[in-house]
Amino acid sequence: MAGPARIAPQSLLPLEQYQQQRAQHRVDAIAHRRQRSLALGPAMWLQFEDEASVRYQIQEMLLAERIVALDAVQHTIEHYEHLLGDGRQWRATLFIGVPEAARRARELPMLSEAAHHLYLGCGARPRIVAEANEDLADRHRGRPSAVHFLRFALPPALRDALSAGEGAVLGCAHPAYAWQRPLPLPLLHSLCADLHPGMPQ
């Protein structure tokens with residue numbers, strides 16, 4: 001079974017070179033992330049990750065922490081690798097934003113629970129419910145968070161349908177946050193480029 005795409009330490013820019021080019025990298029990263037982002041309702045924002053977005057996060061962390069030792073660089077890569085897909089799934093970072101402090105304290109527990117009810121729909125097929133924070137099991141459920149990590153595992157027939165041009169919707173089935181919206185075509189096209197149709201589950 002194929003694993004996620006890997007980022008080799010040797011493929012990353014040295015700190016000095018990255019720092020010199022950082023302004024342009026930031027402009028490119030913002031444009032790329034905007035293309036792969038989606039708001040769901042008033043409080044949720046999904047950033048669908050890929051090799052380019054993960055590479056940018058790694059480079060920023062290496063620069064911020066002045067990390068140059070090869071073992072430390074590899075450790076940083078491994079910290080972010082869970083955001084990489086393998087052609088059979090979409091991975092996304094979910095951000096929950098409620099600006100008012102009192103309202104945030106009141107609503108964040110519900111919104112954190114709603115993160116476990118996000119789904120992808122495509123036609124009459126069964127919904128694909130995202131796996132949230134799978135590396136934490138259920139330990140996080142008693143500790144509401146504004147950031148969650150999602151995995152949408154897509155079976156071969158669904159990958160084939162999406163790659164053939166079928167539309168899809170993103171939604172939340174939690175009764176207190178029952179929002180749904182179609183995936184815009186530019187986002188869907190970008191996400192379909194991540195898929196490998198026909199690859200076994």
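**Exercise 1.** Find how many disulfides this predicted model contains, and explain why Cys122 and Cys192 are or are not joined.

*Solution.* Begin with the outcome of the search, which covers the whole structure and finds zero disulfides. Next, recall the cut-off, since a disulfide requires two cysteine sulfur atoms within 2.5 Å. Now take Cys122, whose closest cysteine sulfur belongs to Cys192 and lies 9.0 Å away, so the two are too far apart for a bond. Finally, consider the surroundings of each residue: Cys122 counts as buried at 2% relative accessibility, and Cys192 is also buried, with a relative accessible area of 15%.

**Exercise 2.** Describe how strands β1 and β2 are arranged, and say which residue of the hairpin takes a positive phi.

*Solution.* First locate the strands, β1 at residues 37-40 and β2 at residues 44-48, which run antiparallel and are joined by four bridges. Then look at a facing pair, in which Leu40 stands opposite Met44 of β2. Last, turn to the three residues between the strands, where Gly41 takes a positive phi near 70°.

**Exercise 3.** Determine which residues touch the most other members of the largest nonpolar core, and follow the contacts of Phe152.

*Solution.* Start from the core itself, which has 36 residues, and in which Leu46, Trp90, Leu120, Phe152, Leu162 and Leu183 touch the most other members. Then set aside the neighbours of Phe152 within four places in sequence, and its contacts include Leu46, Phe48, Trp90, Leu120 and Leu170. Apart from this core lies another, of twelve residues, among them Ile7, Val54, Leu62 and Tyr80.

Notes. Residues are numbered from 1 along each chain as its sequence is written. This is a predicted model: local features need pLDDT of at least 70, side-chain atom pairs count only at pLDDT 80 or more; totals for chains, interfaces and linings use all residues. Side-chain values use heavy atoms; hydrogens and water are left out. Two strands pair if DSSP finds at least two bridges between them. Helices (H or I, at least four residues) and strands (E, at least two) are DSSP runs, numbered from the N terminus. A nonpolar core is a set of buried Ala, Val, Leu, Ile, Met, Phe, Trp, Tyr and Cys residues joined through side-chain atoms within 4.5 Å. Buried means under 20% relative accessible area, exposed over 50%, partly exposed in between (1.4 Å probe, protein chains only). Contact means heavy atoms within 4.5 Å.
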